[in-house]
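Visitor: I have a model open and would like to go through it bit by bit. Can you take my questions as they come?

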Amino acid sequence: MVPANDAEKFILDLVTPVEALETAALGDCLGRVLGQPISSQLDFPHWDNSAMDGYAVRYDDVKTVPTTLTVVEEIPAGQVPKCELQTGEAARIFTGGMVPTGADTIVIQENTQRQGPQVTVLTAPSAQAFIRKQGSFYQAGAELLKPGIKIGAAEIAVLAAAQCVSVPVYRRPRVAILSTGDELVDVNHPVAPGQIVDSNRYALAALIAQAGAVPVPLGIVPDQKAATRQAIADALNQADVVISSGGVSVGDYDYVDQILTELRATIHIRSVAVKPGKPLTVATFGSGKNQQLYFGLPGNPVSSLVSFWRFVQPALRKLSGLETRWSPTFVSAKTDDDLKAGGQRETYLWGQLSLDTDGYRFTLAKGGHSSGNLINLSRTNGLGRVPLGETLIQAGSTIKAMVLGDV
Ligand SMILES: Nc1nc2c(c(=O)[nH]1)N[C@H]1C(S)=C(S)[C@@H](COP(=O)(O)OP(=O)(O)OC[C@H]3O[C@@H](n4cnc5c(N)ncnc54)[C@H](O)[C@@H]3O)O[C@H]1N2
Ligand code: MOO
Ligand SMILES: [Mg+2]
């Protein structure tokens with residue numbers, strides 16, 4: 001059994017990020033990974049403009065107050081000033097309006113008194129007050145966004161401001177999903193005695209999509225060698241990564257490792273010191289840029305998901321072109337409950353992470369923590385960790401918890 005951190009590192013070293021680029025429309029690039037540096041030919045702000053509604057003035061005119069100036073023009077946002085401001089003059093200006101030549105300071109209207117064509121400044125502003133200087137946020141030509149970042153709402157705002165309508169992004173990796181097991185039926189099929197719905201396919205597809213890749217569900221594969229061989233070979237023809245669930249333990253019908261060997265895969269890992277999720281097959285087909293990764297996840301629903309969160313997700317993040325933050329996020333949290341483990345494997349117990357004034361809290365999900373129990377996994381958003389070698393963490397202690405969703 002390979003310790004979890006060693007396995008994660010080993011897996012990440014096997015991954016070569018995708019290089020191919022495609023373009024995504026600005027409105028469709030949320031969650032994609034930027035593939036090229038972005039710059040703009042414009043300074044930000046594009047010109048000196050006012051941050052407030054008020055009057056553009058020359059600072060030297062308003063150092064001592066009260067002082068009365070002549071209002072020579074009005075500059076709403078979107079208008080180019082017509083006059084150059086002279087000594088003794090002010091321009092009525094609104095937020096976003098272009099600062100006229102000659103002005104260097106904005107006086108907010110609350111500090112003025114207007115009488116027809118004249119304005120009296122009642123409070124002295126500081127020099128350059130409320131002027132957003134051209135180029136003070138960004139200077140034309142410099143790098144605006146780096147490749148390898150995930151595009152979120154803020155990045156979309158920047159791309160829009162830079163008028164980048166066709167965004168260069170990395171191609172999304174395609175990830176095939178095979179569900180092995182004679183007992184499996186699809187969701188729309190009646191469940192006969194001995195059978196179970198193939199829930200892993202749907203859960204894994206959701207996780208793959210969340211990781212920025214394209215899930216390619218290839219259905220149920222019976223526990224037969226020929227069918228397993230054919231299914232894996234077909235999957236390799238249409239995906240960058242293949243994930244199967246089930247068939248990786250020591251049972252007579254667990255064929256995955258045997259077929260991988262027959263198909264000339266290199267098996268790097270067969271089991272990890274993680275509970276749930278001990279049987280985990282990590283293999284590669286081919287080499288160099290043509291190398292394809294294979295993850296044989298355990299069939300038990302919780303094991304399958306924990307293996308994904310702990311090991312597959314980091315690999316997909318790296319594969320997708322993300323430059324950083326491949327590993328799961330762990331936070332320090334105070335546990336409300338005793339956490340028990342066998343000591344032989346790094347153990348993950350599912351529960352609710354919440355944030356209160358003292359920091360994160362972890363509350364164990366009620367009910368059984370069996371790797372077959374997917375029922376109490378729902379409504380959880382974190383995995384409390386009991387490190388390898390430890391058998392009890394007492395309530396009130398600080399633990400590390402993996403963040404799975406919104407806290
Ligand atoms: N003698 C031993 N037996 C087992 C060991 C062991 O060390 N010695 N390890 C156990 C552990 S730990 C796990 S985890 C499981 C992993 O088994 P497999 O990966 O071979 O998975 P299966 O045997 O095919 O199925 C296990 C379990 O999961 C259910 N399952 C399978 N696929 C799905 C699916 N797509 N959706 C929902 N549920 C699924 C399946 O019906 C079984 O109940 O092995 C232990 N055994
Ligand atoms: O590793 Mo298994 O996942 O203990 O049930
Ligand atoms: Mg089995």
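**Cysteines, ligands and backbone**

Guide: To start with a cysteine, C83 is partly exposed, with 31% of relative accessible area. Keep in mind that this is a predicted model.

Visitor: How many disulfides does the structure hold?

Guide: Zero disulfides are present. C29, for one, is in no disulfide, and the nearest cysteine sulfur, belonging to C164, is 7.9 Å away.

Visitor: And C29 itself, buried or exposed?

Guide: C29 counts as buried, at 0% relative accessibility. C83, by contrast, is partly exposed at 31%.

Visitor: Ligands next. How many residues surround ligand 1?

Guide: There are 22 residues around ligand 1, and the closest are E183, D198, S249, K278 and G299. By type, that shell divides into eight nonpolar, 10 polar and four charged residues.

Visitor: What lies 2.5 Å from an oxygen atom of ligand 1 in E183?

Guide: An N or O atom in the side chain of E183. The backbone also takes part: a backbone N or O atom of S249 is 3.0 Å from an oxygen atom of ligand 1, and a backbone N or O atom of G247 is 3.1 Å from an oxygen atom of the ligand.

Visitor: How much of ligand 1 does the protein bury?

Guide: The protein buries 70% of the 870 Å² that ligand 1 exposes when taken alone.

Visitor: Which elements give two or more residues to that shell?

Guide: Those elements are β15 (196-197), α4 (199-210) and α7 (301-319).

Visitor: OK, ligand 2. Which residues are around it?

Guide: Around ligand 2 are P276, G277, K278, P279, N300, S303, R345 and S371. That shell splits into two nonpolar, four polar and two charged residues.

Visitor: K278 came up for ligand 1 too. What in K278 is 2.7 Å from an oxygen atom of ligand 2?

Guide: A polar backbone atom of K278. Side chains contribute as well: an N or O atom in the side chain of R345 is 3.1 Å from an oxygen atom of ligand 2, and for the side chain of N300 the corresponding distance is 3.4 Å.

Visitor: And the magnesium ion, ligand 3. Which protein donors does it have?

Guide: The protein donors are D254 (OD) and D254 (OD), at 2.5 Å from the ion. D254 sits in the loop between β17 (241-245) and α6 (256-262). Water is not among the atoms, so the site may look incomplete.

Visitor: Back to P276. What is the peptide bond from K275 to P276?

Guide: The peptide bond from K275 to P276 is cis, with omega near -5°. P276 is in the loop between β19 (274-275) and β20 (279-285), and is one of the residues around ligand 2.

Visitor: What about the bond from F44 to P45?

Guide: The bond from F44 to P45 is also cis, and its omega is near -15°. P45 lies in the loop between β2 (38-39) and β3 (49-50). As background, most peptide bonds are trans.

Visitor: Phi values, then. What is phi of F130?

Guide: Near 60°, which is a positive value in a residue other than glycine. Most residues other than glycine have a negative phi. F130 is located in the loop between β9 (118-121) and β10 (131-132), and counts as partly exposed at 38% relative accessibility.

Visitor: And R379, buried or exposed?

Guide: R379 is exposed, with a relative accessible area of 76%. R379 has phi near 70°, again positive in a residue other than glycine, and is found in the loop between β25 (359-364) and β26 (382-386).

Visitor: Last topic, some distances. How far apart are the C-alpha atoms of G212 and V107?

Guide: They are separated by 49 Å, with the two positions 105 residues apart along the chain. G212 is in the loop between α4 and β16 (214-221), and is partly exposed at 22% relative accessibility.

Visitor: What separates the C-alpha atoms of D336 and L34?

Guide: The separation is 41 Å, for residues 302 apart along the chain. D336 lies in the loop between β22 (330-335) and β23 (339-340); its relative accessible area is 31%, so D336 counts as partly exposed.

Note on methods:
Residues numbered from 1 in each chain as written. Chains lettered and ligands numbered in written order. Predicted model: local features only at pLDDT ≥ 70, side-chain atom pairs only at ≥ 80, totals over all residues. Heavy atoms only, no water. Donors = N, O, S within 2.8 Å, 3.2 Å for Na, K, Ca; no water. Helix = DSSP H or I, 4+ residues; strand = E, 2+ residues; numbered from the N terminus. Disulfide = S-S within 2.5 Å. Buried < 20%, exposed > 50% of the residue type's maximum accessible area, 1.4 Å probe, protein only. Near = heavy atom within 4 Å. Polar contact = N/O pair within 3.5 Å; in protein donor to acceptor, adjacent residues only side chain to side chain. Areas by Shrake-Rupley, 256 points an atom, 1.4 Å probe, with all protein chains shown as cover. Nonpolar A, V, L, I, M, F, W, Y, C, P; charged D, E, K, R; others polar.
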